[in-house]
Amino acid sequence: MADLLLASNRGPASFIEDDAGRLVLRRGGGGLVSALAAAGSPQALWVCAALSQYDRRALRTGVLDLPGVRMLDIDEGVFHRAYDRVANSLLWFVSHLLCSTATTPTFDAASWREWHGYEAYCGAFADALAAEAGPGAQVLVQDYHLSLVPAMLRERRPDLRIAHFSHTPWAPPEYFAVLPDQVARALLTGLLGADALGFHSARWSQAFGRCCVEVLGADWDGSAVSYAGRSTRVLVHALGVDGDALHERAAQADVVARLDSVREIVGDRRMLLRIDRTELSKNIVRGLLAYGELLRTRPQWREQVVHLAFAYPSRHDLPQYREYTAAVQRTAREVNDEFATPGWLPVVLQVRDDYARSLAAYQLADVLVVNPVRDGMNLVAKEGPVLSREGLVLVLSREAGAADELGADALVINPYDVSQTADAMHAALLMPAAERRARCDRLAEAATALPPAAWLAEQLAVLAAVRG
């Protein structure tokens, strides 16, 4: 029976199949896994879902033997309806304000079958947590995949201390209203089953509180929601990076080996870098268009700058993401077709996931572009300044949660304004070395203010006080 439990859709490890058909364990991907893995303790139990056929095979054949991890073998149909159809095709789009409201979302009989799958998925997590938790245990539930879990778990185990953390933004009431009333109420009351809720930015916590007032008629005082006889604290914990651990990882042999390959690509030119998953919210296409405008309107940068764009595949089982990846590739090709010369490729787009290569590129970049249309926080904006050797300039969207902490020393842009983004790239490339270094040092200090272990400790302290 565990005293501390972490629950998330994606766990700290997953399986792949090698050429011989054997199952091979690998570290789980994503920023959430990185954060929670760094913050975890040996006493914690991590409850997660089997995400692939290989994960399920490992469970069913007894290959899985990971101390501190319980992986749930949830029915594949339920998983598809919950993860693909509700969490990633609906909740993600609403939280990032990405719905094409003229045509989507549309709710019909099929939509309700999908919603019932989401309820069943959250119920499976609540059952597992209730079974594994010791008396009065602390439970940290993560993200939009599991929004119904706190209330479900409260019903099963009222003795537990429960927190939920949202790693995405939260939509304001006028946008949250695209959801059916029943769904909107279920999401809010599901989360209010927790003792404490966490967000990366005060903008997101305030939007959540306003939704509770508009949809539920709850009371909201700016730091807690009171509803149905309970009070839930709503707080901001802006996750940072562990600077020492990041430097240690960047000093390992695979990263050092990639430094030379990055230098070979860039040569003696300036490097403008972006590192993203190919998600619609990351705004990669507009970033590439801005770079094209920079070269078109400031011809002095032609052959002087290389834009290294790492766009790692994401959610390719969803057609919107496949189409967006194709748009990214097409835009990069168009910039190169317009400006490339013998010996100079303006955009080097790489779509193969390679974390070591990213760590190498951070160290050498002159400018780091982080321009999401909306982002809960954004770890890339924090990792880059920490690893920069000479001092990079951060071009940062005002719609990233990280802008709260980093905006004073970044060049902040409207992510929809391609011309303004091009102007910021130009200003970044012209910035004097001393100013670059000073800004980057302050960015690194802000980025490491709340590393994962401290981020977790803050939330546990809140739970201890709430139920003290």
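**Entry 1: starting at a tyrosine**

I opened this predicted model at Tyr-83 and asked whether Tyr-83 is buried or exposed. Tyr-83 has a relative accessible area of 13%, and the cut-off for buried is under 20%, so Tyr-83 counts as buried. Next I looked up where Tyr-83 sits: it lies in helix H3, which covers residues 76-95. Phe-79 lies in that helix too, four residues away, or about one turn of the helix. I checked Phe-79 as well, and it is buried, at 8% relative accessible area.

**Entry 2: from H3 to another helix**

Staying with H3, I moved along to Phe-93 and found an edge-to-face aromatic pair with Tyr-321. The ring centres are 6.5 Å apart, and the planes make an angle of 85°. How many residues separate the two partners along the chain? I noted 228 residues, with Phe-93 in H3 and Tyr-321 in helix H12 (residues 319-339), so I wrote this down as a pair that links distant parts of the chain. Both Phe-93 and Tyr-321 are buried.

**Entry 3: counting aromatic pairs**

I then went through the rings of the model and counted twelve aromatic pairs. One of them joins Phe-79 and Tyr-83: this pair is stacked, at 5.1 Å centre to centre and with 20° between the planes. I followed these two rings further and found one aromatic cluster made of Phe-79, Tyr-83, Tyr-121 and Phe-125.

**Entry 4: charges over rings**

Phe-79 came up again when I looked for charges over rings. The charged end of Arg-56 sits over the ring of Phe-79, 5.5 Å from the ring centre. I found another case at Phe-310, where Arg-357 lies over the face of the ring at 4.3 Å from its centre.

**Entry 5: H3 as a whole**

With so many notes on H3, I looked at the helix itself. How many of its 20 residues are buried? I noted 15, so H3 is mostly covered. Where does H3 bend? The bend is at Ala-87, by about 40°. At the N-terminal end I found a cap: a side-chain oxygen of Asp-75 lies 3.0 Å from the backbone nitrogen of Gly-77. Past the other end of the helix comes Leu-97, which has a positive phi, near 55°.

**Entry 6: backbone surprises**

I kept in mind that most peptide bonds are trans, and that most residues other than glycine have a negative phi. Then I listed some places that differ.

- The peptide bond from Thr-104 to Pro-105 is cis, and its omega is near 0°. Pro-105 is in the loop between H3 and helix H4 (109-132).
- Asp-143 has a positive phi, near 75°. I located Asp-143 in the loop between strand S6 (133-142) and helix H5 (149-156), and its relative accessibility of 8% makes it buried.
- Asn-378 also has a positive phi, near 115°. Asn-378 is in the loop between strand S15 (367-370) and helix H14 (380-387), and it is buried at 7% relative accessible area.

**Entry 7: the six-stranded sheet**

Strand S15 led me to an open sheet of six strands, paired in parallel. What is the strand order? I read it as S14-S13-S12-S15-S16-S17. The edges are S14 (347-350) and S17 (411-413), and each of these strands pairs on one side only. From one strand to the next the twist averages 20°. I looked at one edge more closely: S16 (residues 393-397) runs parallel to S17, and three bridges join them. Val-395 stands opposite Leu-411 of S17.

**Entry 8: after strand S14**

At the other edge I went on from S14 to the loop that leads to helix H13 (355-364), where I found Asp-354. Asp-354 is buried, with 8% relative accessible area. A polar atom of the Asp-354 side chain lies 3.3 Å from the backbone nitrogen of Ala-356.

**Entry 9: one last distance**

I ended at Leu-288 in helix H11 (residues 284-297). Is Leu-288 buried or exposed? Leu-288 has a relative accessible area of 0%, so I noted it as buried. How far is the C-alpha atom of Leu-288 from that of Gly-229? The two are separated by 51 Å, and the residues are 59 apart along the chain.

Definitions and conventions: Residues numbered from 1 in each chain as written. Predicted model: local features only at pLDDT ≥ 70, side-chain atom pairs only at ≥ 80, totals over all residues. Heavy atoms only, no water. Phe/Tyr/Trp six-rings, centres within 6.5 Å; stacked < 30°, edge-to-face > 60°. Helix = DSSP H or I, 4+ residues; strand = E, 2+ residues; numbered from the N terminus. Buried < 20%, exposed > 50% of the residue type's maximum accessible area, 1.4 Å probe, protein only. Lys NZ or Arg CZ within 6 Å of the ring centre and 35° of its normal. Bend = angle between axes of the 7 residues up to and from the residue. Polar contact = N/O pair within 3.5 Å; in protein donor to acceptor, adjacent residues only side chain to side chain. Pairing = 2+ DSSP bridges. Axes fitted to C-alpha atoms, helices over the stretch in contact; angles between N-to-C directions.
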